[in-house]
Amino acid sequence: MKPEQIKGKKKSQSTPIHPAKGLVIVITGNGKGKTTAAFGQALRAVGQGYKVFVVQFMKGRKYGEFKAAKKYLPDITVRLSGLDSFVLRDNPAAVDIELAQKGLKLAKQAINSGEYNMVILDEINVALDFKLIDLNNVIELIKNKPADLDLILTGRYAPPQIINLADTVSEVKEIKHHYAAGIKDRAGIEY
Ligand code: ATP
Ligand code: MG
């Protein structure tokens, strides 16, 4: 077979990485599976040649997904933007607000850098609900994102304004959770 033919075959089989329209996907609800669903989407995307950037709001601990990306998945960059402690909903510490705002800035830079095809804002809905970041800033971020970039926002309590802007919204609903039976959180399941 001539080299040109091989080239031609390869070309016709390849699909474009950049879609014409990037999607805004929201994963919300009170059941378990939102963050892991977003990382499942990231895994699928990098398998197709995407570069993915993730900001984990309100998290300071290296979960399994952080470690996996660092060790095995160079096309997924994960940044932590919180502390490894609970944020008080009605009285967040100044450092929690500062870190969440830094996370948003980081997200904005990644979104506009042209380096990533998909950006995941993990727990951003919770950061909004806790008023660590301003809803208008996130709305602007979504509205001004590059047209071909896929943007995923996770976390319970997704505000209606974000839901309105999204192309796809999935609600993960709790039917039951093992915590209720006294089974504690553990590596590989919760973190
Ligand atoms: P995961 O990170 O496992 O995909 P999640 O992102 O849907 O879960 P969050 O709302 O971010 O869950 O909550 C973080 C942790 O709280 C989860 O690891 C989880 O096991 C626990 N959790 C989630 N849903 C429930 C629930 N309905 N009841 C009790 N604990 C829950
Ligand atoms: Mg989560």
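**Close-up views of a predicted model**

**View 1. Lysine 59 and its polar partner.** Lysine 59 is buried, with a relative accessible area of 8%. The model shown here and in the views that follow is predicted. In the chain, lysine 59 belongs to the loop that runs between strand 2 (52-57) and helix 3 (64-72). Its side chain makes a polar contact with the side chain of aspartate 122, at 2.8 Å. Lysine 59 is classed as buried because its 8% relative accessible area falls under the 20% cut-off.

**View 2. Methionine 58 in the loop between strand 2 and helix 3.** What is the sign of phi at methionine 58? Phi is positive here, about 60°, although methionine 58 is not a glycine. Most residues other than glycine have a negative phi. Methionine 58 has a relative accessible area of 17% and is therefore counted as buried. Lysine 59 is found in the loop between strand 2 and helix 3 as well.

**View 3. Lysine 131 in the loop between helix 5 (124-129) and helix 6 (135-143).** Lysine 131 is not a glycine, yet its phi is positive, at about 60°. Is lysine 131 buried or exposed? Lysine 131 is exposed, with a relative accessible area of 67%. The class follows because 67% is over the 50% cut-off.

**View 4. The surroundings of ligand 1.** How many residues surround ligand 1? There are 14, and the closest are Asn30, Lys32, Lys34, Thr36 and Glu174. By class, this shell is made up of two nonpolar, six polar and six charged residues. The space that ligand 1 takes is the largest pocket.

**View 5. Polar atom pairs between the protein and ligand 1.** Asparagine 30 places a backbone N or O atom 2.7 Å from a nitrogen atom of ligand 1. Glutamate 174 has a polar side-chain atom that lies 2.7 Å from a nitrogen atom of the ligand. At threonine 35, a polar backbone atom is 2.9 Å from an oxygen atom of ligand 1. On its own, ligand 1 has 580 Å² of accessible area, and the protein covers 82% of that.

**View 6. Histidine 178 and lysine 32.** Where is histidine 178 found? Histidine 178 is in the segment after strand 6 (168-171). With 25% relative accessibility, histidine 178 counts as partly exposed. Its C-alpha atom and that of lysine 32 are 10.0 Å apart in space, while the two residues are 146 residues apart in sequence. Lys32 is also one of the closest residues to ligand 1.

**View 7. Alanine 37 and threonine 154.** Alanine 37 lies in helix 2, which runs over residues 34-47. The residue is partly exposed, with a relative accessible area of 35%. What is the C-alpha to C-alpha distance between alanine 37 and threonine 154? The distance is 9.1 Å, for a separation of 117 residues in sequence.

**View 8. Leucine 153 in strand 5.** Strand 5 covers residues 150-154, and leucine 153 has its place there. With a relative accessible area of 0%, leucine 153 is buried. Between the C-alpha atoms of leucine 153 and leucine 106 there are 15 Å, and the two residues are 47 residues apart along the chain.

**View 9. Glutamate 65 in helix 3.** Helix 3 holds glutamate 65. Its relative accessible area is 18%, so glutamate 65 counts as buried. The C-alpha atoms of glutamate 65 and glutamine 161 are separated by 29 Å. Along the chain, these two residues are 96 residues apart.

**View 10. The whole chain, for orientation.** How many helices and strands does the protein have? The protein has seven helices and six strands. In sequence order they follow the pattern α-β-α-β-α-β-α-β-α-α-β-α-β. The C-alpha trace spans about 70 × 40 × 30 Å along its principal axes. Of the 191 residues in the protein, 40% are buried.

Methods: Residues numbered from 1 in each chain as written. Chains lettered and ligands numbered in written order. Predicted model: local features only at pLDDT ≥ 70, side-chain atom pairs only at ≥ 80, totals over all residues. Heavy atoms only, no water. Near = heavy atom within 4 Å. Polar contact = N/O pair within 3.5 Å; in protein donor to acceptor, adjacent residues only side chain to side chain. Areas by Shrake-Rupley, 256 points an atom, 1.4 Å probe, with all protein chains shown as cover. 1 Å grid on protein atoms, 1.4 Å probe; cavity = no way out; pocket = protein on both sides within 12 Å on 5 of 7 lines; lining within 4 Å. Sits in = over half its atoms within 2 Å of the grid points. Nonpolar A, V, L, I, M, F, W, Y, C, P; charged D, E, K, R; others polar. Helix = DSSP H or I, 4+ residues; strand = E, 2+ residues; numbered from the N terminus. Buried < 20%, exposed > 50% of the residue type's maximum accessible area, 1.4 Å probe, protein only.
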